[in-house]
Amino acid sequence: MRAGTILRTVWLIVAVGFMLLPVYAMLVVASAPDDTDLRGLVFNGFHLPENIGLLFGEGNLPTYLRNSLILCVGTGILDVIFSAAAGYAMAQLSFPGRRVLFALVIGTLALTPMVLVIPVFLIVKELGWVNTFQGMMVPGMISAFGVFLVRQFALGIPKELLLAARVDGAGEFRIFARIAVPLLKPALITLFLVHFLAQWDNLLWPLIVANEQELWPLPVGLANFQSEVGFNYHLTTTAALVTAVPPFILMVALQRYYVAGLTFGGLKR
Amino acid sequence: MSVVLDRGRARPQATAGVALTLPVAVFFVVFWLVPFLAAIYLSFTDYEMAGTPNWIGLANYERMFADPGFLNSAWITVVYTVCTVVPTIVLALLVAVPLSKPGRLNRRLRALVMIPAVMPLAATSMVWVIIYSDRGMANTLLGLVGIDPQSWLTSSDLAIWALVVMVVWKSMGLFVIILTAGLQALPGEVYEAAAIDGSGAVTTFTRITLPLLRRTLLFVLVISVAGSMQAFVPAFLLTGGGPADATQVLPYYIWANAFPYEHMGYAAAMGMVLLVAMVIVSALQFGFLKGGDE
């Protein structure tokens with residue numbers, strides 16, 4: 001039994017070590033002074049601050065970072081607002097078309113973006129939104145996941161609570177804003193986090209709809225970064241590191257909500 | 001009396017319900033339902049960005065099965081999906097089962113596993129380009145065990161496996177977290193009973209853990225398969241579909257046909273085939289794992 005415990009601990013440390021090895025390699029190469037050592041095993045000095053300074057001093061990385069932040073925070077907030085309203089209404093209010101809407105939302109969960117990007121691009125083109133922020137932002141603004149997440153969570157709000165508010169003469173919108181939203185807060189934070197992380201990593205849509213470098217978010221910028229920095233591996237790695245920092249900060253701050261979002265489909269229902 | 005009261009409450013509820021869901025309803029119609037119907041229509045046309053779509057019936061679908069590019073992509077997607085999903089889930093289980101046990105060390109390790117899980121795929125891909133470069137970590141580690149350096153991303157035999165290894169690594173962190181959460185939610189009494197009955201570690205795992213974990217496993221399997229079948233980013237960032245189409249997974253082929261080449265009708269038809277394949281595969285997985293319930 002004792003030997004088993006030791007074996008298990010050794011295996012875990014080795015396995016988690018291997019899982020962290022590429023992250024460690026990223027840190028090492030991103031801190032290198034040049035491209036002479038790309039093994040990513042031993043620190044060759046620590047030039048990370050200089051490398052970051054170099055990327056922020058000139059070049060487009062600050063633009064990509066700004067665009068990604070606008071994209072992810074902007075659509076994240078909109079997704080939270082619209083999904084909160086729709087998810088709550090679908091869980092707690094009776095109104096015409098509720099069933100149809102639910103079927104529509106659930107149906108979209110099965111669709112792959114590979115089917116939708118072509119017609120959505122044509123719609124965006126028709127709207128004159130190619131190469132604009134709204135073209136990048138609006139089509140991915142609301143997710144079926146978000147509406148569904150809030151609805152499932154809102155089903156847990158006690159009916160008596162809403163009924164009591166109605167008896168007291170509170171209007172439906174007031175009940176939503178004052179009673180439902182505070183109760184839904186954990187679900188809304190989870191939704192914002194999941195949305196932010198997914199959007200932060202969205203390469204396909206901006207690649208299709210934004211040809212102008214001024215509009216590129218980080219994933220598209222990274223895809224072209226090698227040629228931008230003259231095929232400098234260590235600077236490309238520094239840029240990858242910069243890209244990984246905001247999701248990392250959010251994860252540390254909101255770890256509980258992150259796990260809740262990941263396991264939503266696995267544990268509930 | 002109560003009927004009257006309900007009526008009085010029903011109207012404001014209906015108004016509020018419609019008002020609160022209207023933006024979402026409009027959004028889903030404009031950006032999901034209409035595009036989905038348009039994609040079905042386009043798949044029966046010869047639409048090419050410039051010009052108007054002409055109805056050509058099933059011609060796109062017939063063309064697909066004579067197109068070596070499509071057949072190659074479909075096959076690579078099958079290989080890529082099987083070879084990423086199976087090792088990822090097996091490895092993630094092997095880590096998650098011991099990791100889900102209580103203890104201070106395990107709690108720290110669980111926090112560390114989150115780091116790879118939260119790395120953006122775009123950033124991950126750029127890091128692995130360097131790991132796979134001639135003087136990168138992959139060749140250095142191979143050198144330690146006496147194997148010659150390889151051209152990971154430019155060899156048509158190796159490139160797909162280079163992608164697979166990266167994706168297994170990337171998804172593993174995520175799945176370890178999900179499986180660990182699932183394992184921690186399992187009732188502890190069952191394990192105590194098993195221990196009293198003298199059940200060994202392997203028996204406990206196959207007879208108790210796996211069946212109880214079925215729901216979480218099904219979830220991981222479904223998102224893993226769906227993720228692999230529609231994976232675009234690794235092929236785009238690591239190899240650009242190459243060398244010689246060796247990593248041209250179907251989503252990449254669809255994108256390349258639709259956007260750089262503007263064969264939108266044909267790309268839409270391939271998208272429909274991918275969608276139908278995904279729906280069938282998901283249904284099979286649900287059927288397979290639900291079937292074990294009795």
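Here is a short conversation about the chain B and chain A interface and a loop of chain B in a predicted model.

Guide: Welcome! Residues are numbered from 1 along each chain as its sequence is written, and chains are lettered from A and ligands numbered from 1 in the order in which they are written. This is a predicted model, where local features need pLDDT of at least 70, side-chain atom pairs count only at pLDDT 80 or more, and totals for chains, interfaces and linings use all residues, while side-chain values use heavy atoms, with hydrogens and water left out.

Visitor: What makes 90 residues from chain B part of the contact?

Guide: Contact means heavy atoms within 4.5 Å, and by that rule 90 residues from chain B and 96 residues from chain A take part.

Visitor: How do you know what area is buried between chain B and chain A?

Guide: Buried area is the accessible area (1.4 Å probe) that two parts lose on being put together, summed over both. For chain B and chain A that is about 7900 Å², with carbon and sulfur atoms giving 83%. Helix α1 (residues 2–42) of chain B supplies the largest share of the side of chain B that touches chain A, 26 residues; helices here are DSSP runs (H or I, at least four residues), numbered from the N terminus.

Visitor: How many salt bridges does the rule find across the interface of chain B and chain A?

Guide: The rule asks for a side-chain nitrogen of Lys or Arg within 4 Å of a carboxyl oxygen of Asp or Glu, and it finds 0 salt bridges across this interface.

Visitor: Why is B:Ala244 called exposed?

Guide: The relative accessible area of B:Ala244 is 74%. Exposed means over 50%, buried under 20%, and partly exposed in between (1.4 Å probe, protein chains only), so B:Ala244 counts as exposed.

Visitor: And why is B:Asp245 called partly exposed?

Guide: B:Asp245 has a relative accessible area of 36%, so it belongs to the class between the two cut-offs.

Visitor: What makes the backbone at B:Ala244 and B:Asp245 worth a look?

Guide: Most residues other than glycine have a negative phi, and most peptide bonds are trans. B:Ala244 has a positive phi of about 50°, and B:Asp245 has a positive phi of about 65°. B:Ala244 lies in the loop between α11 and α12 of chain B, as does B:Asp245.

Visitor: Which peptide bond is cis?

Guide: The bond joining B:Gly242 and B:Pro243 is cis, with omega about -10°. B:Pro243 is placed in the loop between α11 (233–239) and α12 (250–258) of chain B.

Terms used:
Helices (H or I, at least four residues) and strands (E, at least two) are DSSP runs, numbered from the N terminus.
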